[in-house]
Amino acid sequence: MFSRQQDPIVAIATAPGRGAVGIVRVSGRELQPLVAALLGRTLRPREATYLPFRDGAGQPIDHGLALYFPGPHSFTGEDVLELQAHGGPVVLQLLLARCLEVAAQPARPQETTQPAQNHPQAALLPGLRVAQPGEFSQRAFLNDKLDLAQAEAIADLIDASTEAAAKSASRSLSGEFSREIHALRDALIHLRMLVEATLDFPEEEIDFLRKADAAGQLQKLQSALAQVRQRARQGALLREGIRVVIAGQPNAGKSSLLNALAGAELAIVTPIAGTTRDKVEQTIQIEGVPLHVIDTAGLRDSTDEVEQIGIARAWEAIHAADAVLMLHDLTRCDTPEYIAADADIASTIGQKGHTIHIWNKCDVCPPEALRHVADGDLAISAKAGLGLAELRQRLLQAVGWQAAPEGVYMARERHVRALAQVGDHLELAVQWLGHAGEHLDLLAEELRLAQQALGEITGEFSADDLLGEIFSRFCIGK
């Protein structure tokens, strides 16, 4: 991907559809000749200029603002031209086509840095092409305008579904997450320096490391890493959300619970068993954390072919869930058949994810039925709204969410995995440090691998296929 990284690129930078304003963005080296030919005048850097955008016949396509950002003082680090017009799709497509048309025209002698006789038919801006998804952000990364974690934060900020997620993504984009990673890296480099120096003087290795307090430095590094990992896990929850599946027998109140949590009548609720035949999903927010709540078909033995498919999908959702709400019906808990079926379902679910046992219909059950609610279980009424506030808090606790401090930054699952790898390498480093006289080279290797795992977060050590995977998920024009 992005094999032609030196090509100038152009794209519509605003979302598809109609809007008050739309933007066409160009990035490349030496855009001044294109600016002059396209707009009929030069532009002062970073100053908005209102003018007509004309087609090849000189007729106005639209009137709008043009801004020119000379490199390296631009988002991509290259020259950048932005044309802000009315946000109609036809207008923007015409502007995009006009940019490509002008770039392909032969350059006049005064518009090229080479003698005209050497390149009589050279295009004004050779190679200008439509950008691929994420290519503007990738240029910014390659030109050291931001690191990989910051580049990912751009997409996370655009995709944020809650206020908390948007604020956390903004912190990552400003570099807070990267600064913490760099602080860990610097501490690792200092520790590696001590170990590498010791390798050069093996007869003094134990005393040298002891005097430098290598063990203390390693312990501080582990402590700092633990704090970063905790905040990264919180950020990953904000970004990814939590998949919550409501499971149980038919007519336990699963659809009523989904409606109650969502605050809307999303699922059909009837006294007829087996009403829900397929998954019904809704995303809600609890303290800014997105929860993807899934209502599933009632779990039972059925000869109905359609219901069997729904039940199979319910089990698939359960096995992929971060948390399972196992719903029990208090009005039927003294029925032996119902209790036996509930036990079988609970046994099959086991400890997959985080299972919270919920006893529904506490507002209409006999008082003696509440004896079935064990310690740690919840008694609620989905219909009356009783116990839902406590259920929401239990859901957050089950997946490890803590009240979001101001320092939480957006993180991705790959960041969490990389930090876990760093932790594993440091654990091994502690073991080898205890036998420094015999395994000093292994200690040095674990520290090197820990630094490499950190570098994968910010892009200091990144395979090309990883970069392609990350940036291909961005918007075109971003």
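Glutamate 180 comes out as partly exposed in this predicted model, because its relative accessible area is 24% and the cut-off for buried is under 20%. Its salt-bridge partner is arginine 231, with an N to O distance of 2.8 Å. The two residues sit on separate helices, glutamate 180 on H6 (residues 176-200) and arginine 231 on H8 (residues 214-240), so this contact ties together parts that are 51 residues apart in sequence. Arginine 231 also counts as partly exposed, because its relative accessibility is 22%.

That pair belongs to a longer list: the structure holds 20 salt bridges. Arginine 412 takes part in two that are worth a look. One goes to glutamate 152, where the closest N and O atoms are 3.9 Å apart; with the cut-off set at 4 Å, this pair still counts as a salt bridge. Here the chain is bridged over 260 residues, from helix H4 (residues 148-159), which carries glutamate 152, to the loop between helix H12 (388-398) and helix H13 (413-433), which carries arginine 412. Both of these residues are buried.

The other bridge from arginine 412 goes to aspartate 156, at 3.0 Å from N to O. Aspartate 156 is in helix H4 too, and this pair links parts of the chain 256 residues apart. Aspartate 156 and arginine 412 are both buried. None of this stands on its own, since a network of salt bridges links Glu152, Asp156, Arg239, Glu240, Arg412 and Arg414. As a general point, side chains of opposite charge can pair when their charged atoms come close.

Turning to the strands, six of them make an open sheet with mixed pairing, in the order E8-E9-E7-E10-E11-E12. Its edges are strand E8 (280-286) and strand E12 (378-379), each pairing on one side only. Further in, strand E7 (residues 242-248) runs parallel to strand E9 (residues 289-295), and five bridges join the two. Among these contacts, isoleucine 242 has leucine 291 in E9 as its bridge partner.

Helices pack on this sheet as well. H8, the helix that carries arginine 231, touches E7 and E9, and its direction makes about 55° with that of E9. Helix H11 (residues 336-349) touches E7 too, along with strand E10 (323-329) and strand E11 (354-360). The direction of H11 makes about 175° with that of E10. Strand E7 thus appears in both sets of contacts, with H8 and with H11.

Conventions. Residues are numbered from 1 along each chain as its sequence is written. This is a predicted model: local features need pLDDT of at least 70, side-chain atom pairs count only at pLDDT 80 or more; totals for chains, interfaces and linings use all residues. Side-chain values use heavy atoms; hydrogens and water are left out. A salt bridge is a side-chain nitrogen of Lys or Arg within 4 Å of a carboxyl oxygen of Asp or Glu. Helices (H or I, at least four residues) and strands (E, at least two) are DSSP runs, numbered from the N terminus. Buried means under 20% relative accessible area, exposed over 50%, partly exposed in between (1.4 Å probe, protein chains only). Two strands pair if DSSP finds at least two bridges between them. Contact means heavy atoms within 4.5 Å. Axes are lines fitted to C-alpha atoms, for helices over the stretch in contact, and angles run from 0 to 180 degrees between N-to-C directions.
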